[in-house]
Amino acid sequence: MTRRTHAALAAALAATLTLGLGACKNDKSDSGGDAAPSSTKGPGAESGSVVGGTPAKGGTLTVLTNQDFAHLDPARNWVVPHMDFGTRLLYRTLTTFKAEPGAAGSEIVPDLATDLGKSSEGGKVWTFTLKDGLKYEDGSPIKSADIKYNVERSFSPDLTGGPDYAQQYLAGGESYKGPLTGEHLASIETPDEKTIVFHLKRPVAEFSDTVTLPTFSPVPQSQEKGTQYDSRPFSSGPYKIEAYDRGKQLVLVRNTNWDPATDTVRKAYPDKVVVTQGIKGGQADDRIIASDGADANAINMPWMQHETVAKVLPKADVKSRMVAERTGCTDMLYLNTAKAPFDDPKVREAMMWAVDREAQVTAFGGPAVTDVATSFLPPSLTGGATSDPLKIPAAGDPEKAKALLKEAGRTDLKVALTVSLGDKTRAEAIQQSLAKAGVQVTVNTTDPSAFADTVGDIKNAPELTINGWCPDYPSGATFLPFLFDGRTIKEKGNQGNYSQFRDQATMDRMDQIAAMTDVAEANKAWQQLDQDLMKKAPAVPLMWQRRPLLVGTNVAGAFGNSGYAGMIDLAVVGLKDPAKGKG
Amino acid sequence: MTEPSLTGPPTNEPLLSVRDLVKTFPGRRSRTGRPGAPVRAVDGVSFDVGAGETLGLVGESGCGKSTTGRMIVRLLDPTSGTVTFDGTEIGGLSQARLRPHRRDLQMVFQDPYSSLNPRQTVSRIISEPLLVQGESATAARKRAAELMELVGLIPEHLDRYPHEFSGGQAQRIGIARALATSPRLVIADEPVSALDVSIQAQVVNLMERLQQELGLAYVFIAHDLSVVKRVCDRVAVMYLGRIVEIGDKAEVYGSPAHPYTRALLSAVPLPDPEAERTRERIVLLGDPPSPADPPPGCSFHPRCPKAQDLCRTERPLLRIAGPGTREAACHFPEVPGS
Amino acid sequence: MILYLGRRLLGVAGILLAICAITFTIFYLLPNDPAAAACGKTCSPERLADVKAAMGLDKPVWDQFLAYLGGIFAGRDYGSGPSAVHCGFPCLGYSYEYGLPVWDLLTDRLPVSVSLALGAAALWLVLGLGAGVTSALRKGRPLDRTLMVVSVGTASLPVYFTSIMLIWGVVRTAGLLPYPAYHQFTENPFAWASNLLLPWTALALLYAAMYARQSRNSMIEAMSEPYIRTARAKGLPARTVTVKHGLRAGMTPILTIFGMDLGGLLAGAVITESIFGLPGVGRLFYDGLGRSDQPVILGVTLLAAFFIVAANLLVDLLYAFVDPRVRY
Amino acid sequence: MSTTTEPSAVADAPAAGAKAGVEAGAGRGPWRLVWDQLWAKGSARFGLITVGVLLLAAALAGPLSSLGGWTPEEFDKRAVDAYLGGLPRGDFGGISARHWLGVEPITGRDLFARVLHGGQVSLLIAFTATAVVVVAGTLAGIAAGYFGGRTDTLLSRLMDLTMSFPSLIFMIAMMSVAKDVNRILLITLVIGLFTWPGIARVVRGQTLSLKHREYVEAAKVGGARSWRILTREILPNVSGPIIAYTTLLIPGMIATEAALSYLGVGVRPPTPSWGQMIAESIVHYETDPTYFLIPTAFLFLAVLAFTLLGDALRDILDPRGGRS
């Protein structure tokens, strides 16, 4: 799961508490298309389908959600649904994802910038030029210095929670503490009002993708309100905040100074967007299924409850209003390679065969919302096709696993599995399937907020952990190195590489790929590395999850955008009949 | 079982000697939190009780007689003054140092039921003081059976609970408990006033018999003068925390010196109908004053038929009144023959 | 009376202070680091230290507590430099999650919880006392037995069950009422009431059942008091005896319980608010828990304690009017 | 004449328990009397039987569920339909000869086994928490009432303080911040921490009225020490109200545990408890009502039975209601 997810985790924890059940399952995992190899075809919605046709302009779109936004401040926003909300409606970034269903949704297009940026010095310097006619909600022009300013804000210790790519990539970022102290970062230059130049520590081939993050949206220094900016971000997008009663309701109205001519992505169909917060997840689902009155204009966020699947699938009319796009994440069973028994590749290979991935899918809501994973890289990073280098049956092969274990001379294994509370059922499913191969598993659950600390302490790390990883943007560079680069292992607070996998050949190869300047070639290389890693088996890929969402009967143009982990693309969603459902 | 005071002091020294005993209670706190004036419930009481002797302590309710009794057995701690028992000053001893003396000093309570724990068997109740003194359970039970017999109950009823007995029987149990440790002094706090008249006589008889058999001394607290007349050797009359008259039974009853004593005695009905019809009645006016706010001078003066100016200003002290040893606290005592 | 009031107010302040200190200490001592939560998963130790300092968590607990206490009375500033914000009296701290003063959050949510609590209380008093008094006056008769069976049964039902059944029956199946949402009374009294009707009912059923039992017992006890018998013997009409004497004496113990219950509810019915999705204080608290938003947790706890203590004080003062024997 | 209007049946009831040895001779066992009175009352009889059955079922959860053939953790893939979001196959939540009370959606775990094991946990917590409360409350109440003075002031202030805590809110807060600890133990202690003043007040009031009884004074005159007086004279006489109050505490404890588990801060999920089962089932209330109703019914029955039993016991043992 990517760093994004961690923020999602915090939100999910809130959801868990709120709903009183493990809703947080939802956020770590992958998107799998309907093309899951195990099931013939999930009964869920097809990947890439659009619900409700083309929207008309006008009306009020309602978003029903159980929680408040973690952060709307662009320097702090790092939770997938909220990033979708912020960058599609309130603020624009240098580049952004295409508003297209299916795999095309992960493609990057220019937004504030005129192009995807020009790199020089072998990918270490990136220059973007702003479009003409860009304005904030008060009509004042958007300047390149404002983007620099917001990037600087993301360094501030007061403004927690946001993505840390800027800190990682920008030269001189180690000691910088944000602009609130009056200091500025020399590695971002704004030679004129339209130009912004980033100086990076090392070459980053996919920096055009990095600048899709809300960190790279403009905030004028004159609007700085510290932590309180969170409640009233200054709009550069098609809508502005009319009222925000935290935890209760957020009302967006049109930003009349937004010029559609400068924006190729956002359509901004509705006149008004109302987010009603604090609605129990199941209740939001029920309301949208019923679609009475104003609820016909409603969509839910951040996801439909899995339990609702049973209410949706039997009814064709309701089922046709369900969206279930891939989230682009992979859930894995990490095998701790730093100690016995998983320091032995043979034992690890046995695990690949032992795990019943079908049970994982069932434990997670069934094939309607989840697909069996066959490699580490999700289909969104392998060109849309499913990679299945090992060809292991989805339900596993305990006999083969037993045989492999016998070969390795390791029978009678006893191992511990630590999972976050919401993954309890899946852990129990692992426990059951490994038992068939003669491996005895003890399950420990930890509180979601303590999970990272528990498994991140490498001295006391368990043999097995379930976790997931999502890319922040479609590049193998935001995936495999975070998972299997041995140099990222930390004594405490270790994350990503929970397998503690330290393989010289792999690390060398990663460095070679990172140095490639041709993105397409690099992506090919990442896919090959993925296949190689499957054979080394530092982890068992379990499933690719999709994000089930429901929309009301009057909603049009709704589809899950794979760039936003399957969230409904708010840039283009609208209503069939704006006059309906006024309430 | 009868082990009369072999180790006791020579009889000319009193067994119990109370001197200037005072007990003040803090005034009731009102809800506003202001403490009220302290109440002097017992205000300088002195008397002696010899071995084998019975002293009656009489007075209206609230006069401090029970408080005095409780201070002697240290259910209450005296505010000042001394209680000397058997040559030892016990008024200031800690409860732990007092414990050995408890053997010799016991108490009988007014309400036979509430003085017996309803959750304990009779055997348990009677043997409790022995167990406390370190006797074995078997020995204590054996002694309990003997005591049951001694107070006129059937030893087979040892395993019954208090509520299964009548009031008189229950009071016998209370007496048996008091006698368990073979005490030399028993404070009897209104021991019969909660009982029916017919039963009162039985219990009083029992107490008298026990006194003779065991050589007990009693401090007999009562408001009923006729009962006191019957059991006591000497009588002390209390009024508002003070002794107003003390002396031999014959003297006090025969020719009371204090107007209060006279008033009390005049209220006692006489058995002879003729005498009853002609007896002089002194009716006291009003209620006794509050001990929290005693009148100046003689505290009896507001109700005294013969009060004079002196009584309103000067407090009378106990002094010999008349020919005998009887003392009275009155400026104008009725001295027989004067 | 004034002296008494003064003494009681002092006691109230003492209790609140103690609760404040205890809550503060517990949350400080427990192994839960809000800085780490705020900083995020990819937090480097240096950044964590910075965040800690920015949140004021690097100071010793004693300093933090004093600063907190001082803030309640005098307000305080958070942060430093241009990002500093002033949190005015009464400052209960600054929410980590919302970036708003806790006091503002509380006052924002309070109308919801108060509406919920007061409405439910009115309903349960009518239902509960009605049933209890009726039962007491018909002690042993079939009506009494029926009422008591119903109330024991209702009191044993978990509130989530009643709530869900109400939603299912009234909203999902019959479609009589909307899904509860909060509307301001001042804006639309009808919407306010119709949306709160279900939560009121769910809460009131539970409490009404308990009050019916309580008030029945206490009425029966009161009616057997000697002075009631005297009043009857005097030939006063049965109605007068019941109303003037019985009710008055019988309701005094109920008053105490009512004070406690209402005080507790005013600061949020956590379960009810969360089931019905009402944005009240209880829900604020619950969301705060999920995000380790300690200032919010502490603020709600203090507010709730304040309500309970205040309700008790009020009840004690009310006693003087209800029960003529009580004097100050 | 006696001023002792206390019903005699109450009087000897606990005494018999206190010293069964000496008691043999007395004809009518006082406990027997209480039992007879209970049994004579229809509602109490229902309560007694239900409590008995529930306790037995909880105690024998292991053997009983193996009768059904399932352990509470065992998955049954065949019992659920993965394509319907894991709903149980068959009507009424999959009630069948294989699964007597149906199965949990998604996992197919056997509800019969889970509800029994859940009951074990719920009742265990309720009973231990009650025990904690009764012991702490009785000790505090007796000490405050008997010793009076500063001890009383201190303990009474502590009671006031504890009762001023918004207990549920505080419990939730404490449970949610405590991470890796034994939840069952913590929940017991936390509930206990906030519930003791109730019983302490009752006991204190009773002790106050008892300590000036003459039999207590008699024991003092007999030279008994405080400890002896407290244990022999006072405690047996407050035990009636304590027993009644205790029985009435239990349903509250069960409900509190359920509420905490329902809110997700109670027992950790691998261990089932009724509240936690209800919390997990509540989202299925429409699609699989059986799953929702079964743990709810058990919770309801347990609370109801203990309430009825407690009411009856209070009527018998403490007719004045033990109010302080």
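Which residue is the bridge partner of Glu189(A) in E7(A)? The partner is Val197(A), and the surroundings of that pair are described first, after a note on conventions.

This is a predicted model, in which local features need pLDDT of at least 70 and side-chain atom pairs count only at pLDDT 80 or more, while totals for chains, interfaces and linings use all residues. Residues are numbered from 1 along each chain as its sequence is written, chains are lettered from A in the order in which they are written, and side-chain values use heavy atoms, with hydrogens and water left out.

**Strand E7 of chain A**

Strands and helices are DSSP runs numbered from the N terminus, of at least two residues for a strand (E) and at least four for a helix (H or I); two strands pair if DSSP finds at least two bridges between them. Strand E7(A), residues 195–199, has four of its five residues buried, where buried means under 20% relative accessible area with a 1.4 Å probe, protein chains only. A hairpin of five residues links E6(A) to E7(A). The two pairings of E7(A) are set out below.

| Strand paired with E7(A) | Bridges | Sense | Residue opposite Val197(A) |
|---|---|---|---|
| E5(A), residues 125–129 | five | antiparallel | Thr127(A) |
| E6(A), residues 188–189 | two | antiparallel | Glu189(A) |

**The sheet of chain B**

In chain B, four strands form an open antiparallel sheet in the order E2-E1-E4-E5. Strands E2 (39–49) and E5 (88–89) of chain B stand at the edges with a single partner strand each, so one side of each has no neighbour in the sheet. Strand E4(B), residues 80–85, pairs with E5(B) over two bridges, and Thr84(B) stands opposite Glu89(B). Helix H1(B), residues 65–72, packs on this sheet and touches E1, E2 and E4 of chain B, contact being heavy atoms within 4.5 Å. The direction of H1(B) makes about 115° with that of E1(B), the axes being lines fitted to C-alpha atoms, for helices over the stretch in contact, with angles from 0 to 180 degrees between N-to-C directions.

**A buried loop residue and the cores**

Asn255(A) lies in the loop between strands E9 (249–254) and E10 (272–276) of chain A, and is buried at a relative accessible area of 2%. Beyond its neighbours within four places in sequence, Asn255(A) contacts residues including Tyr136(A), Glu137(A) and Tyr239(A).

The largest nonpolar core, a set of buried Ala, Val, Leu, Ile, Met, Phe, Trp, Tyr and Cys residues joined through side-chain atoms within 4.5 Å, has 160 residues, and Tyr160(C) is one of those touching the most other members. Leaving aside neighbours within four places in sequence, the contacts of Tyr160(C) include Ile271(C), Ala255(D) and Leu299(D). Apart from this core lies another of 130 residues, among them Ala166(A) and Val540(A).

Technical notes:
Buried < 20%, exposed > 50% of the residue type's maximum accessible area, 1.4 Å probe, protein only.
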